[in-house]
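Good morning, everyone, and thank you for making room for me today. I would like to walk slowly through one structure with you, beginning with its ligand and then moving on to a handful of single residues.

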Amino acid sequence: MKIAIGGKGGVGKTILTALLSQAFAQSGYSVIAIDADPDGNLAAVLNFPHPEKITPISEMADLIEERTGARPGQAGSLFKLNPKVDDLPEKYSQEHNGIRLMIMGRLKTGGSGCYCPENTLLRALASHLLLGRDEVVIMDMEAGIEHLGRATAQAVDKLIIVVEPSQRSLDSAHRVAKLARDIGIKNIAVVGNKIRSPRDSEFLVSRLPGFDFIGFIPYDQAIIDADLADLSPVDASQGIKHEVQNIYRTLTATASAKVNVKG
Ligand SMILES: Nc1ncnc2c1ncn2[C@@H]1O[C@H](COP(=O)(O)OP(=O)(O)OP(=O)(O)O)[C@@H](O)[C@H]1O
Ligand SMILES: [Mg+2]
């Protein structure tokens with residue numbers, strides 16, 4: 001199963017990625033969690049030791065040159081459009097508590113920046129992770145889901161858009177959903193986070209008509225307190241863990257129903 005998680009800044013993408021990764025890993029799945037947010041902190045949230053020492057792939061200039069034939073920033077140089085990447089998940093991931101983590105780093109955006117060796121390597125890697133692996137892959141993305149192109153989008157089994165009860169997060173959800181449909185992602189689900197009352201969930205459902213809500217995660221001050229105490233939020237709230245377990249069950253139930261229909 002390949003899952004991408006998007007939504008406005010600060011809505012709870014990383015905590016959902018972390019807890020879902022744990023839920024899959026604890027049920028015996030091999031899991032690769034991908035931090036595809038340029039300002040990501042998934043390593044810290046997953047309690048990896050020394051997260052600051054993990055270099056994002058986009059900053060590995062030697063690797064980029066070795067695989068594409070061009071160094072980042074070398075203007076006008078020719079580079080391979082199909083670099084070898086199938087060994088990168090083994091070589092450049094870290095493992096902790098049964099979860100393998102890869103940090104993608106920043107994609108260059110805009111103008112000629114889109115065609116550069118580092119983006120080519122990152123896109124090839126995203127494509128390999130989504131199309132060429134047996135593991136459960138869970139990607140923590142920035143709102144724009146930039147690492148996904150048309151070809152890789154087909155491999156995403158579920159795009160989960162996280163929303164919180166705020167107008168801006170809803171606007172962002174509409175934008176992400178449109179972008180996703182434009183590149184061919186069909187299965188879009190929504191998770192409401194930071195829910196303080198039934199009114200919050202009703203508000204979200206009423207503002208996103210036709211969207212498939214697969215869970216509502218309660219607001220819990222314990223998450224904020226853990227953050228302030230420099231502790232990982234993943235163990236801070238049983239209520240949130242419990243709801244993410246439910247989301248995990250919904251995701252795996254729909255996946256096995258699909259297999260049954262096909263089989
Ligand atoms: N259910 C919740 N209850 C209370 N606080 C929460 C909840 N979910 C997330 N938070 C808090 O909201 C903030 C953002 O959460 P998180 O980092 O998971 O979001 P994000 O979407 O990944 O953000 P960014 O876009 O900055 O990467 C964190 O400080 C986190 O502690
Ligand atoms: Mg995040």
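**The ligand and its surroundings**

Around ligand 1 there are 17 residues, and those that come nearest are Lys13, Thr14, Asn193, Pro218 and Asp220. Please keep in mind throughout that what you see is a predicted model.

Let me begin with the polar contacts, taking them one by one. A polar backbone atom of Gly12 lies 2.9 Å from an oxygen atom of ligand 1, and an N or O atom in the side chain of Lys13 is likewise found 2.9 Å from an oxygen atom of the ligand. At Asp220 the partner on the ligand is a nitrogen atom, which lies 2.9 Å from a backbone N or O atom of that residue. How much of ligand 1 does the protein bury? Taken alone, ligand 1 exposes 640 Å², and 81% of that is buried by the protein.

As for where the ligand is placed, ligand 1 sits in the largest pocket. Three elements give two or more residues each to the shell around it, namely helix H1, which covers 13–26, strand S7, which covers 188–195, and helix H9, which covers 221–228. Of these, H1 gives the most, with three residues. If we sort the residues of the shell by character, we find seven that are nonpolar, five that are polar and five that are charged.

**The loop after H9**

I would now like to follow the chain from H9 into the loop that leads to helix H10, at 238–262, since Ser232 lies there. Is Ser232 buried or exposed? Its relative accessible area is 15%, which is under the 20% cut-off, and therefore Ser232 counts as buried. The side chain of Ser232 makes two contacts that I would like you to find on the screen: it reaches the backbone oxygen of Val45 at 2.6 Å, and the backbone nitrogen of Val234 at 3.2 Å.

Asp230 is found in the loop between H9 and H10 as well, but with 72% relative accessibility Asp230 counts as exposed, because the cut-off for that word is over 50%.

**Two residues with a positive phi**

Asp230 has a further feature, which is a positive phi of about 65°, although it is not a glycine. Asn47, also not a glycine, has a positive phi of about 65°. To see why I point this out, remember that most residues other than glycine have a negative phi. Asn47 has its place in the loop between helix H2, at 42–45, and helix H3, at 61–68, and at 33% relative accessibility Asn47 counts as partly exposed.

**Pairs that are far apart along the chain**

Finally, let me show you two pairs of residues, for which I give both the separation in sequence and the distance in space. Leu101, in strand S4 at residues 99–103, is 58 residues from Ala43 in sequence, and yet the two are 7.3 Å apart in space, C-alpha to C-alpha. Leu101 is buried, with a relative accessible area of 1%.

The second pair is Asp171 and Lys8, which are 163 residues apart along the chain, while their C-alpha atoms are separated by 8.7 Å. Asp171 lies in helix H7, residues 167–182, and with a relative accessible area of 37% Asp171 is partly exposed.

Methods:
Residues numbered from 1 in each chain as written. Chains lettered and ligands numbered in written order. Predicted model: local features only at pLDDT ≥ 70, side-chain atom pairs only at ≥ 80, totals over all residues. Heavy atoms only, no water. Near = heavy atom within 4 Å. Polar contact = N/O pair within 3.5 Å; in protein donor to acceptor, adjacent residues only side chain to side chain. Areas by Shrake-Rupley, 256 points an atom, 1.4 Å probe, with all protein chains shown as cover. 1 Å grid on protein atoms, 1.4 Å probe; cavity = no way out; pocket = protein on both sides within 12 Å on 5 of 7 lines; lining within 4 Å. Sits in = over half its atoms within 2 Å of the grid points. Helix = DSSP H or I, 4+ residues; strand = E, 2+ residues; numbered from the N terminus. Nonpolar A, V, L, I, M, F, W, Y, C, P; charged D, E, K, R; others polar. Buried < 20%, exposed > 50% of the residue type's maximum accessible area, 1.4 Å probe, protein only.
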